[in-house]
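Please open the structure in your viewer and keep the selection tool at hand. The tour below goes from stop to stop, saying what to select and what is to be found there.

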Amino acid sequence: MNANSAPLMHSTTTGKNAASENAAGFDWWLLLSAGALLYIGMMMITSASTQVGEVKLDNPFYYFSRHAVFMVLGLVAAVIVSRVKISWWFDSGWFLLFTSLALLIAVLVVGREVNGSTRWIRLGPVNIQPSEIAKIFLIGYLAGYLVRRQDEVRDSWWGFFKPIAVMFIAAILLLIEPDFGATVVIVAASLGMIFLSGAKLGKFLVLILVCLALGTLLIIWKPYRLKRLIAYTDPWADQFDTGYQLTQSLIAFGRGEWTGLGLGQSIQKLMFLPEAHTDFVYAIIAEEFGFIGAASVVVLFSVLVFRGMRIGANAEKAGQLYSALFAYGISLLIGIQAFINIGVNTGLLPTKGLTLPLVSYGGSSLVMSCIAIGILYRIDKESRWAKAAESADESRQTKSKYKRTAGPAIYG
Amino acid sequence: MLSQIIVQWRLWFVVAFLFCASVLLGARLLQLQVMQKDFLNEQGDARTVRYEDIRAHRGMITDRNGEPLAVSTAVETVWMNPKLYWKKLKAAADENPENYQLIRLATQKLAQALDVSEQSLLTRLRENETKGFIYLKRKLQPAIAQQVKDLKVPGVFNRREYMRYYPAGEVATHVLGFVNIDEKGQEGVELAYDEWLQGTPGQKKVLKDGSDNIIKDLALVREAEPGKNLKLTLDMRLQYLAYRELKAVVTAHQAKAGSVVMLDAKTGDILAMVNQPSYNPNNRKNINTASLRNRAVTDLFEPGSTMKPLTVAAALETGRYSPGTSINTSPGYLRIGRKNIRDHHDYGVIDVSSIVAKSSNVGTSKIALDITGDALWDMYYRLGFGQMVGIGFPGEGVGVLPHPVKWKPLQVATMSYGYGLNLTALQLAQSYQVLANDGIKKQAALVLRDTIPEGDFIMPAHVARDVRTMLGKVVAKGGTGTRAQVEAYDVGGKTGTVHSVGASGYEDSSYKALFAGIAPVENPAVVMVVVIVGPSGDEYYGGEVAAPVFSRVISGTMRLLNVKPDHMPAMAESEKRLQEILDNHKS
């Protein structure tokens, strides 16, 4: 099916971007939006955490300094990752899978319990959050599987079921922690990848229904999830207990109005809104910079995700199918997590312990977000190189031939 | 081919899906930040905007010369939120053992700074663990409060308060009274003029953070109106002097109590008003209630012989008596019904002047019976007995001045020498002020007046002058009050010694020694009443116990007030010598 649509797409972009997307270039929009988000994160964490650091740890710059260290680590990691060939990820599928599962099991065995969840492994001075690592690694693994077994996935139920079974195991491990938020993000991103990989729509619909049914079961099974779900529908009904965090967050949005109170002027961060520097940093952005600031962050994420998807599409055109799926997966991961986090902050979704990628305080999240950007950058570069090589080939052979095929496609 | 795997529409579908998600978020932002902002701001304000009282500075009380008597100084009160403390301690114990130790250490130091044992502090915090507010220590010196604050014990806060301080201590405390810990007047002038002094607290609108700290002053709702200052008529120099002498005599005679009241003869201003026993208003830990009373104003007593000059004034006013009128007091007693009225001696036939000088009960009774009880009562009433003086002091005594439908002779007689009625030291001083001011009563006052009232006519000036002359003779050689004499000044006064009234009537061995006097007697500057209750020992007569107090206080008072001496041989001598030196120098 659609046998003639691919050349159409292929030639269109090649024709347009042959000049701008040369081998030396890179995706400015991607790096700019990611950089802007990192910068906003740094600034807002400093603003939101001075009071809580002062009160809890007697050091107003505790969170700032730690975040700064992690940012340096993240940037270094991103640079290193951008030097790793994508083929390495492709070849290391099993390694990625087993590392993820091993970490997710390890956290259940040796992890630290905080607020009833076991999500962190203490490693010297830092706490590692395996779910953050697992997210990227599992996406990397899944992309590989979908490429390797593309025919199997599309044609047989068994082939379709196998990768899903693997993700299902990871999801169960995450739910044991419990980390419902990470589960949702990883499952949703996986579904998106399976969809983009060309799975049959019928099968896909069945899968969606199964996921929804399981999700519903999970919510009913654990009463606290149901309580949270109910709390978010009307936070004001129980504003001093289950609805407390959300009402405080909503107040932050309301107070921000159009232009915000100004940097550092947030009131909600002053021991009203819990987790103001981590999961609810977006509410503080909205309070200090108003609708304009909050909407800007949404726009930045949209740009980032759109560029990520575009990098995937370009890789696809360059024939790098694994890179394409990996890029889609990563973009979806970032996009969905950002959407859920902002949704939670604004009361659109029930409360979950999810960070805002690149922005929130949290070492594992920050470093892995940087690595994700590093991978996208690498995919972008490799597709550019491939394109450059291809067009060099073409121009070396016959330019006229290329033009002939391209011509009718553009105008016809 | 790739194209066979990833179909373009699927990509667009996903991108469109994500785009819709962003639009949804944007719409939600608009809804929250624009449409619901009023509701959300209201909710936010309900959690953060608070109204705080601004305490008004209580007015200062000063004496007539502006000397501060009661002043409010800024102090710090340390309060605590025990709930927060235990929460923080528990959190530290769970997460940060080092921090836990620091908090424990700081708590220990806090107990030290507050001068309590650590154990009792912890017990108190434990008992109040569900509360969000307890006072740790009120009214600490700012320096100590700062030390406490620097310990950074979780849940400990400071608050600015005012403390009332009385520089004059026990000397003026009965007049001033005191305030409670919230600066509400409890006694004395502090109570009587509470509204005037306290002012109105203001209110400000503030923003508080989640730990109850003020982060921002939003608006001043109402400015605190500081209390107004109050200037009393007291002259602290005289007050100190009177207090010193009273305390000395009460101690020397081991008396139960005592009072001195001094009025300005021309204006009625209360220049001094002191009592024993007294107390230190700045440290009221161990006071007993007996020492709290401003006895000069609240305590009633029978005035005894100090009434005789007033009885004589009533007689002179009739015109039928003059200072020289002779009265036969023989045989030294007067039998009325079954009761004998006695003198110390049989004075024989003496004039009215001598009746006062010798303090003859018989003579006074005879005069009173002659002019009738109504005339006597009328004079007493006009002088203010049986009525409040009206200085606005809490618990001011009224006294009893009986007015029977039909006077019995014995009642008239005893009333003429000061029994069967009672009054306060202030009332007695007020009546002598009339004598001192040529018959014009100027109402006594404790708060300095802008204009002195014209006064009320009570008796003709010549009557008042005649009585004053008689008072001078009481103090002169041969009178009962010789120990009231003051060097260089001619003073006058009347002694009194009365049996105290106990549970079973008059007590034989318990007396009140009284002296009411005027100085100088010719051109009076001050009027003074001395009451010594229950002097024990050999001396108990007014002339022996109370008169010396008058002498000593008046002697100092005359100098302090720059009153011209009536005679000063020493000065005349030195002037003469100066003249001689000057003369020698010239020649």
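Select chain B, where, among contacts between residues at least 6 apart in sequence, 70% join residues at least 24 apart. As you turn chain B, bear in mind that this is a predicted model, and that the chain holds 21 helices and 19 strands. Colouring by burial would mark 51% of the 587 residues of chain B as buried.

Staying in chain B, select helix H15 (residues 361-371) together with helix H17 (residues 409-416), whose axes come within 8 Å and cross at roughly 125°. An angle over 115 but not over 145 degrees counts as oblique, and H15(B) and H17(B) are therefore oblique to each other. Their crossing is right-handed, and the contact is made by Thr364(B), Ser365(B), Ala368(B) and Leu369(B) on the side of H15(B), with Pro409(B), Val412(B), Ala413(B) and Ser416(B) on the side of H17(B).

Now move to chain A, whose secondary structure comes to 16 helices and three strands. Of its 412 residues, 56% count as buried, and of the contacts in chain A with a separation of 6 or more, 72% are between residues 24 or more positions apart.

Select helix H3 (residues 62-82) of chain A, which has 21 residues and reaches 30 Å from its first C-alpha to its last, close to the 30 Å expected at 1.5 Å a residue. Which residues of H3(A) are buried? They are Tyr63(A), His67(A), Phe70(A), Met71(A), Gly74(A), Ala77(A), Ala78(A), Val81(A) and Ser82(A). If you look down the axis of H3(A), these buried residues fall within an arc of 135°, so they line one face of the helix. An α-helix has 3.6 residues a turn, so residues three or four places apart point the same way. Turn to the other side of H3(A), and you will find Val72(A) and Ile80(A) exposed.

The next selection is a pair in chain A, helix H5 (residues 93-110) and helix H6 (residues 130-148), whose axes come within 8 Å and cross at roughly 150°. Angles over 145 degrees count as roughly antiparallel, and H5(A) and H6(A) are therefore roughly antiparallel to each other. H5(A) passes H6(A) in a left-handed crossing. To see the contact, show the side chains of H5(A) that take part, among them Leu96(A), Ser100(A), Leu103(A) and Val107(A), along with those of H6(A), including Ile133(A), Phe137(A), Tyr141(A) and Arg148(A).

Helix H8 (residues 157-176) of chain A comes next, with 20 residues and a reach of 28 Å from its first C-alpha to its last, which is close to the 28 Å expected at 1.5 Å a residue. Its buried residues include Phe160(A), Pro163(A), Ile164(A), Met167(A), Ala171(A) and Leu174(A).

For the last stop, select Leu325(A), which lies in helix H14 (residues 321-345) of chain A. Is Leu325(A) buried or exposed? Its relative accessible area is 1%, and because buried means under 20%, Leu325(A) is buried. Leaving aside neighbours within four places in sequence, Leu325(A) is in contact with Ala143(A), Leu146(A), Val147(A), Met193(A) and Ser197(A). Draw a distance from the C-alpha atom of Leu325(A) to that of Ser197(A), and you will find a separation of 7.2 Å, although the two residues are 128 residues apart along the chain.

Terms used
Residues numbered from 1 in each chain as written. Chains lettered and ligands numbered in written order. Predicted model: local features only at pLDDT ≥ 70, side-chain atom pairs only at ≥ 80, totals over all residues. Heavy atoms only, no water. Helix = DSSP H or I, 4+ residues; strand = E, 2+ residues; numbered from the N terminus. Expected span 1.5 Å × (residues − 1). Buried < 20%, exposed > 50% of the residue type's maximum accessible area, 1.4 Å probe, protein only. Arc of directions from axis to C-beta. Contact = heavy atoms within 4.5 Å. Axes fitted to C-alpha atoms, helices over the stretch in contact; angles between N-to-C directions. Parallel < 35°, antiparallel > 145°, perpendicular 65-115°, else oblique. Left-handed = near helix turned anticlockwise from the far one by under 90°.
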